[in-house]
Amino acid sequence: MVAALLPACKKDAKDKGAPVITNIRSYVASPNDTVLKSAVANGQYVVITGENLRYATRISFNGVDATFNTALFASNSAVVQIPAMEYSKLDTAKLYTVDYVTTSGSTTFSFKLGPAAPKVTGVSNLYANPGDSVYVSGTDFFFVKRFSYRGTPIQSFKLDPLGTSIGFIMPATTSNDIISVSTKSGEVNFKIVATPIIASVSNENANPGDSVYIYGTYLKNIQTLTFAGTAITSFKSAANGSSVGFILPALTQRGPVSITTSFGSASTIYNVNDTETGSISNWDSNFNWQYWGAGKQTQGDPHFPGNSSTYMAMDISGLSAGDGMPWSTNIPMNGAQWVPAASITDSVSHWAFKFETNIPRAWNGTTVNIVTGVGGFIARWEPWQKTATTTAPYTTKGWVTVTIPLTAFRASDPTLGEGKGASIATIADLTGSSGNTSCILYIHNYGTAAGSFYGAFDNLRVVRIK
């Protein structure tokens, strides 16, 4: 009987000493059960290895108690799940420690458990004025040691409890485009990318004295702005940088639109003040009209002010449902070089059909169709806003430029209708291999009630946009 008790006595004696932790390992099977120097995942299982670990009464990570099952413990190991913790509420004095208590004593082991290194994802207002409230968004903004915004150290800031933002007051001056955040877990240096983007121009062929708007993103804090090679010195940007407006001065040449800000520069690949490049018809230097159809050759009509050149006006009323054909409500043009032959294999998305238009009366429901002499593809222009039950009328304030990507030319769909099917796959689908084809613009009524159209068109052209 004495001999039978000896192993049990020896076993109890082995676990009676104070606990000792030698390392913490991953619980995942080999080859990943390696020694861990740090961890970031709450809920992760780890293996604590050492001595005298069997009779644990309390195990805490960063001062947060873990729940555990002693059935998973041995004298030299203990499988424990790291507890969930709110980093913003931790006692920093206990940060990066594991406290292990048994019936025979306790020990503290250094182990870096915390959030991941910080990441920056954005800024609430790139164009804030000194004194404005600004927020930098991101992840793992915990235990921040240093923070600087665009080269300026920020001494006072407020951290979101979830670690997703840093709030501060915009400093008086900045010197670069870097946001730097340093925490106990790491450091990030985030370069603000706010290069201006020019999406469109309200009127690419406006007259001197007209109001012109450039639309896009990051169009603020502009250092230089040129329009067709002419410097624009007086302009006004939208508060969110989505547009910049100015009064057009006299121009001397065609050329791109260029904008430079503190973050970079952007230029259009196409020219403005240019009615010649890619012209299908401008009814002045390139007349190219077939002298018939619904269009009326016009110049100086007071209903379409702001255009001193020749253009085509259309006045169509009482158009029955389903009516409107390329030979009845049309402006027909002869063949023209839509795309240079050398560019026929370009991506379809790199080219667009453009024109200037003036629609002074409410337009609602009918469609401007554009077709070529090849393939039967149609581009439908329907800028009025359509809901499930109604449409909101469309008008323009004077002349505007309309851009229709060649990808908008589509086949007919048996269910959805004309111009609603698959997009052209190649430019040749639309123009033939030469890039030269005719063009017809006409009004069609796809609605169920009678419709009308009153407007004017000028400078039909195809230009590269990418």
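# Strand residues, pockets and cores in a predicted model

S165 is found in strand β16, which spans residues 165-169; strands (E, at least two residues) and helices (H or I, at least four) are DSSP runs, numbered from the N terminus. S165 counts as buried because its relative accessibility is 17%, where buried means under 20% relative accessible area, exposed over 50%, and partly exposed in between, with a 1.4 Å probe and protein chains only. Contact here means heavy atoms within 4.5 Å. Leaving aside neighbours within four places in sequence, S165 is in contact with Y135, V136, S137, F141, K158, L159 and D160.

The model is predicted, so local features need pLDDT of at least 70 and side-chain atom pairs count only at pLDDT 80 or more, whereas totals for chains, interfaces and linings use all residues. Residues are numbered from 1 along each chain as its sequence is written, and side-chain values use heavy atoms, with hydrogens and water left out.

## Confidence

The average pLDDT of the chain is 93, and 95% of the residues score at least 70; pLDDT is the predictor's confidence in each residue, from 0 to 100. Over residues 1-11 pLDDT stays under 50, and for this segment the model has one contact beyond four places in sequence.

## Pockets

Pockets were identified on a 1 Å grid over the protein atoms alone: a pocket is an open set of points with protein on both sides within 12 Å along at least five of seven lines, and lining residues have an atom within 4 Å of a point. Grid points are joined across faces, edges and corners, and a volume is the space filled by probe spheres set on the points.

The largest pocket holds about 550 Å³ of space. Its lining comprises 26 residues, of which V201, S202, N203, Y213 and Y215 lie nearest the centre. The strands β19 (197-201), β20 (211-217), β26 (264-267) and β36 (400-405) each supply at least two residues of this lining. The most is given by β19, with four residues. The lining divides into twelve nonpolar, ten polar and four charged residues. In this classification Ala, Val, Leu, Ile, Met, Phe, Trp, Tyr, Cys and Pro count as nonpolar, Asp, Glu, Lys and Arg as charged, and the others, Gly among them, as polar.

About 410 Å³ of space lies in the second largest pocket. This pocket is lined by 16 residues, and G365, W384, K386, Y446 and G447 are the closest to its centre. By class, its lining has five nonpolar, seven polar and four charged residues.

I197 lies in strand β19. With a relative accessible area of 45%, I197 is partly exposed. Beyond four places in sequence, I197 is in contact with Y215, G216, T217 and L219. The C-alpha atoms of I197 and T217 are separated by 5.2 Å, although the two are 20 residues apart along the chain.

## Nonpolar cores

A nonpolar core is a set of buried Ala, Val, Leu, Ile, Met, Phe, Trp, Tyr and Cys residues joined through side-chain atoms within 4.5 Å. The largest such core has 40 residues, and F353 and F409 have the most contacts inside it. Two or more residues of this core come from each of β29 (311-319), β30 (330-337), β31 (351-358), β32 (367-372), β33 (378-381), β36, β37 (436-444) and β38 (451-464). Apart from neighbours within four places in sequence, the contacts of F353 include I280, W338, I370, V402, I404, F409, C439 and L460. A second, separate core of 27 residues includes I21, I24, A56 and L113.

## Loop residues

Four loop residues are set out below.

| Residue | Loop | Relative accessible area |
|---|---|---|
| R150 | between β13 (144-149) and β14 (152-153) | 10%, buried |
| G151 | between β13 and β14 | 36%, partly exposed |
| Y218 | between β20 and β21 (222-227) | 29%, partly exposed |
| P302 | between β28 (296-298) and β29 | 68%, exposed |

R150 is not a glycine, yet has a positive phi of about 50 degrees. Y218, also not a glycine, has a positive phi of about 60 degrees. G151 is in contact with S175, N176 and I178, neighbours within four places in sequence being left aside. G151 and Y213 are 62 residues apart along the chain, and their C-alpha atoms are separated by 33 Å. P302 and A231 are 71 residues apart in sequence and 31 Å apart in space, C-alpha to C-alpha.

Methods:
On a 1 Å grid over the protein atoms alone, a cavity is a set of points where a 1.4 Å probe fits but cannot get out, and a pocket is an open set with protein on both sides within 12 Å along at least five of seven lines; lining residues have an atom within 4 Å of a point.
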